[in-house]
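My notebook is open and the viewer is running. I'll jot down what I look up as I go, one topic per entry.

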Amino acid sequence: MASTMRFFKSLFLFLFSISSFSFAHSASPGSSEGYTIYGRVKIPTGSGANEFILPGKVSNVKVTLNGGQRVTFLRPDGYFSFHNVPAGTHLIEVAALGYLFSPVRVDVSARNPGKIQAALTETRRGLSEFVLEPLKGEQYYEIREPFSIMSIVKSPMGLMMGFMLIVVFLMPKLMENIDPEEMKRAQEEMRNQGVPSLASLLPGAARSN
Amino acid sequence: MAIRVFLISLLFLSFTNLISALYEDQVGLMDWHQQYIGKVKHAVFHTQKTGRKRVLVSTEENVVASLDLRRGEIFWRHVLGTNDVVDGLDIALGKYVITLSSDGSILRAWNLPDGQMVWESSLQGSKASKSILNIPKNLKADKDDLILVFGKGCLHAVSSIDGEVLWRHDFVGESIQVSHIIHSADVILVAGFVGSSEFYVYELNAKNGELLKNSHVALPYGTFGELLSVSSDVLVVLDDTRSNIVTINLKNGEISYNQKYIIDLIKDSSGQAVILPSRLPGMFALKVNSHVLIVKLTNEGELVVVDKINNAAAVSDALSISEDQQAFAFVHHGDNKIHISVKDVNDWNGDLLKESIVIDHQRGNIDKIFINNYVRTDRSHGFRALMVMEDHSLVLVQQGEIVWSREDGLASVVGVTTSELPVEKEGVSVAKVEQNLFEWLKGHVLKLKGTLMIASPDDVAAIQAMRLRSSEKSKMTRDHNGFRKMLIVLTRAGKVFALHTGDGRVIWSILLRTLRKSEVCEHPVGLNIYQWQVPHHHALDENPSVLVVGRCGPSLAAPAVLSFIDAYTGVEVNSLSHAHTVSQVIPLPYTDSTEQRLHLIIDVNQHAYLYPRTPEALDILKREFSNVYWYSVESDNGVIRGHALKSNCKAVDEYCFDMRDLWSIVFPSESEKIIATVARKSNEVVHTQAKVMTDYDVTYKYISKNLLFVANVAPKANGEVGTATPEEAWLVIYIIDTVTGRILHRMTHHGCQGPVHAVFSENWVVYHYFNLRAHRYELSVVEVYDQSRADNKDVWKFVLGMHNLTSPFSSYSRPEVTTKSQSYFFTHSVKTLEVTSTAKGITSKQVLIGTIGDQVLALDKRFLDPRRTLNPSQAEKEDGIIPLTDSLPIISQSYITHSLKVEGLRGIVTVPAKLESTSLVFAYGVDLFFTQIAPSRTYDSLTEDFSYALLLLTIVALIAAIFVTWVLSERKDLQEKWR
């Protein structure tokens, strides 16, 4: 693992500014003053912690600066860059279907040109190197529960069945406990009334009579 | 008691379920998604190799896409940022698509097969200028193909392999407006004007960009329009009187020029001439009036008219079809047909192709044509033509037939309204014959298998197909639940489409005559679309109609154009092009006897015009004269004014009224700037004013149609995120009564800035802004309650009639209001906010958030409840109050767009269905997306996945059980009797 980490570290382009470059090449430094923000997006595969999908495989990843001021895309190796960014505090967001990325606060220092600090706004974690990884994958669909007896039992139909079973098998048990004389009285009453009422069937109600 | 507990717990269970998610196999049942690209600006064909034939396009919606040439489907597509306008598109190395965007400052290469970005190059420069992308076929530097880019006043040579800038030459110091780059094997000529008459040519070394030579000539007259290169050393331009053609010759490094009167070429040259930008070798196309002259430049430098095309629509660039043959196409209209001619540049007499096709006249004229050739089996050349029409649609024509067409006008929707479908008439059954019972049962058994997860993959496929096949949802009549409607959308091209909510197909479309370019109306723009006539009750035999309001140009002072369209047939019933202007359209809450809604159109000169222009409408307005109020927002001056009607303005006619200002609120310009105003939807239905709190106390919502939410920011923090510091930024929000101008609520968020997106519904407003201190976005909610009705709690008051519930609600009564508010962090940037709307307003609400990732998130209003506390009591929990968290959760299952993106999302429209639980949602941008959502689940109807088979099974089982137990009890009785 350590070796792979080192491998990645050697790959990472650390944040740096090309301000000197832009000063050197523009005729009027005032107007094209700005810094370049370089970064990289890495999307881990579900399985291994150290394996990463090349973001190129994930379709249409967009990186947005300051809520839509500028939009850029990823290179096959996951790098992106914003050029001519003025000094100040900026916000970078990554939009990729299927993943939730935290926005990143980026401080481009005016005093010591080239110093750029980045921190995830969701977790307030500072980034030592500008590598953005998703906070989590996003599942847009509800997963169908696999077939289970409980799901049948919990469904309205299952509840109906259950209630029926209770009535069929438990009620006679309850009836058994009733005093035979009371039972007889209840039956007589039932005959008198013609229509059996639920209240009269219940032991408590029958006893109160 | 147990049953009660059980029921309550069931209810509670159903309430705690805050998300209404979708199963993957339900995709496409209630929703549809359409992908568009917008009006094509550039098109490059890629058909050389065997395999997929494609055309690469860039559009006015900043889309770069690769389309299948056989069917017009999208292979891949990228929507660039809103400021990232594409200036050029070409193919390099046969495998990369190169785009130049953002005024020539960003150069990107996309992999041709899959659209993956390969490299991106930022080109430095400091002066705004025309941007030119030029990919020479034969210009190489160290085995690397060069890309020449002129942008921001610099010429760059970029390697096409990795986008590295090999050399650059700065023209910033020379104030030259470069308009042409001409290259030969090792020399690059950069030509352009300084001012309008000084013509400069710079000669650069192609290897390293060194300046070899610089020559210039001063023309004795100014020039008009763009330079056009006719051949490698001849350029043409019009002079400033537009009556002369100036030919500039660069032969052997010497600049010479000639001029020729257009009148010498054509006798009737009364109109203004324009050189068309089509690139033809040795020729150019000159448009005079409605004719196009094809002018050839002979070897002697003479200009000769080779053809005159009447009613010409478009001329393509030249296409080299073999070593020595170059062809180009032009189209012209005639007898309701479109005639396409492809001619050889050198041999004018013969036609390579001449075809006439009929194209739906609702597509309008042809804007652009791109041609491509293929070799037929008999080795002759065939041609296909890709045409961009006036309504922004894209049509591919081959062998005299339309192979495919795309309605790409729908990528630029500007206004949406809805209309009901016709009522199903008796005897006219549109539904197909009901399938027999066995089929029906079989279907439900399949569904049961699906819900029990015991279905095989074949079964799953069968279920999916069965669900999608159900023709119910795409019928052309009104349904009981109100799910089937027409979405009537107005596009930027001035075309109106009616889309069926069931499957998103186009029912009818009309290119509005009033919104087409004409001599009186140079640059018409469609503003919005309104419901004009919604017949129900006594006017049912009338068809509903919509009103489209437009303007003859982008400025406010341009005259208005109005169109009335029948919503069933798509025919323009009436149209008015009036002298008055339009700054505001106010649909009034009154309708006349034919259910036409009264509208006031306010012009820039403080007049209000009444529509429809009938005496009846005038009577209604006169009756309600003192009840008509509206407001206007002048965000530049920081003023909001309230208006009412004053009197008839005698000067014009009886349908014109003067208006008076009732009140005005002037915000201090040094500390506040208006950036957003949001009012309630006028047709929103509120079920109840009372709200029962957890302690069985009643509070009354302050529900007024006349509330306006205003968001102001500090002038310094007016820009985008990243331009201001927390100390100099603040956001002030107001809730204003628009009748009296009374400020009901004012709140300041320090250290916050825009952009502000807000939605106003019932008595609450939810708004989204950026908190600079935390550097996160926030969503806030403000709820307004009516305090004056708060003491209507005593039963005795009701008995004695001392309550004031029946007192009329008026803005003038100045009730005491209280507000409650709360703020939460929200992760994403937001493009738009909307709220669900239902027929009776009983169903709880969801806030629909269009995020920066072009998805739509449904957030339950209960997350945005000021009553949320850190530790809610048991009673509060039962009431559904969620414990307070500092940020709002993003539950991925509650994305109503599920795994789709509405690229370039601009707006969301919600429409109530007739079924109370359901709201119809239409999201538009470059893509269109429609779905139905039920914020509190479909409590009033069985869900789609309700298993009838299981119900039947239960019933059968119950009946069987009854019989069995009956037989058993009979037997038992018999035994008892025998005993």
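**Entry 1: a sheet in chain B**

Which residue in β49(B) stands opposite B:Val633? I looked it up, and the partner in β49(B) is B:Ile640. A reminder to myself before going on: this is a predicted model.

I then checked the strands around that pair. β48(B) and β49(B), the latter covering residues 639-648, pair in the antiparallel sense over 6 bridges. Stepping back, I found that they belong to an open sheet of 6 strands in chain B, in the order β45-β46-β47-β50-β49-β48, with antiparallel pairing. Its edge strands are β45 (584-591) and β48 (629-634), each of which pairs on one side only. On average, neighbouring strands of this sheet are turned by 35 degrees against each other, direction ignored.

**Entry 2: another sheet in chain B**

Next I went to an open sheet of 3 strands in chain B, and I noted the order as β61-β62-β63 with antiparallel pairing. β61 (830-835) and β63 (856-860) are the edge strands, each pairing on one side only. The average turn between neighbouring strands here is 25 degrees, direction ignored. I also followed β61(B) to its partner β62 (residues 846-851): they pair in the antiparallel sense over 5 bridges. Within that pairing, B:Val835 stands opposite B:Val847 in β62(B).

**Entry 3: a hairpin**

I looked at β35 (residues 394-398) and β36 (residues 401-406) of chain B, which pair in the antiparallel sense over 5 bridges. B:Leu396 has B:Trp404 in β36(B) as its bridge partner. The two strands form a hairpin with 2 residues between them, and B:Gln399 in the turn has a positive phi of about 50 degrees.

**Entry 4: backbone oddities in chain B**

A reminder for this entry: most residues other than glycine have a negative phi, and most peptide bonds are trans. With that in mind, I made a short list.

- B:Asn62 has a positive phi, near 60 degrees, although this residue is not glycine. I found B:Asn62 in the loop between β4 (54-59) and β5 (63-68) of chain B.
- B:Tyr611 and B:Pro612 are joined by a cis peptide bond, with omega about -5 degrees. B:Pro612 sits in the loop between β47 (607-611) and α5 (615-623) of chain B.
- The bond from B:Gly754 to B:Pro755 is cis too, with omega near 0 degrees. B:Pro755 is in strand β57 (residues 752-761) of chain B.

**Entry 5: where the chains meet**

How many residues does each chain bring to the contact? I noted 49 residues from chain B and 49 residues from chain A. On the chain B side, β1 (22-23), β10 (117-122) and α8 (948-978) each supply at least two residues. α8(B) gives the largest share of that side, with 7 residues. By class, the side of chain B that touches chain A has 21 nonpolar, 21 polar and 7 charged residues.

A strand pairing also links the chains. β14 (residues 141-142) of chain A and β1(B) pair in the parallel sense over 2 bridges. In β1(B), I found B:Tyr23 opposite A:Glu142.

**Entry 6: two helices side by side**

UniProt, in an unreviewed entry, places a "transmembrane region" at residues 157-175 of chain A. In the model I see 100% helix and 0% strand over that stretch, and the end C-alpha atoms are 26 Å apart.

I then looked at helix α4 (residues 156-177) of chain A together with α8(B): their axes come within 10 Å and cross at roughly 10 degrees. That crossing angle is why I call α4(A) roughly parallel to α8(B). From α4(A), the residues in the contact are A:Met157, A:Met160, A:Met161, A:Met164 and A:Val168. On α8(B) they meet B:Leu950, B:Leu951, B:Thr954, B:Ala957, B:Leu958, B:Ala961 and B:Thr965. By class, this helix contact has 10 nonpolar, 2 polar and no charged residues.

**Entry 7: how far to trust chain A**

Last, I checked confidence. Chain A has a mean pLDDT of 70, and 66% of its residues reach 70 or more. Over residues 1-32 of chain A the pLDDT stays under 50, and the model has 38 contacts beyond four places in sequence for them. Residues 196-209 of chain A are also below 50, with 14 contacts beyond near neighbours in sequence. Where pLDDT is low, the predicted coordinates should not be read in detail.

Key. Residues numbered from 1 in each chain as written. Chains lettered and ligands numbered in written order. Predicted model: local features only at pLDDT ≥ 70, side-chain atom pairs only at ≥ 80, totals over all residues. UniProt positions renumbered as here; feature names shortened; annotations may be inferred. Helix = DSSP H or I, 4+ residues; strand = E, 2+ residues; numbered from the N terminus. Contact = placed C-beta atoms within 7 Å. Nonpolar A, V, L, I, M, F, W, Y, C, P; charged D, E, K, R; others polar. Pairing = 2+ DSSP bridges. Axes fitted to C-alpha atoms, helices over the stretch in contact; angles between N-to-C directions. Parallel < 35°, antiparallel > 145°, perpendicular 65-115°, else oblique. pLDDT = per-residue confidence, 0-100.
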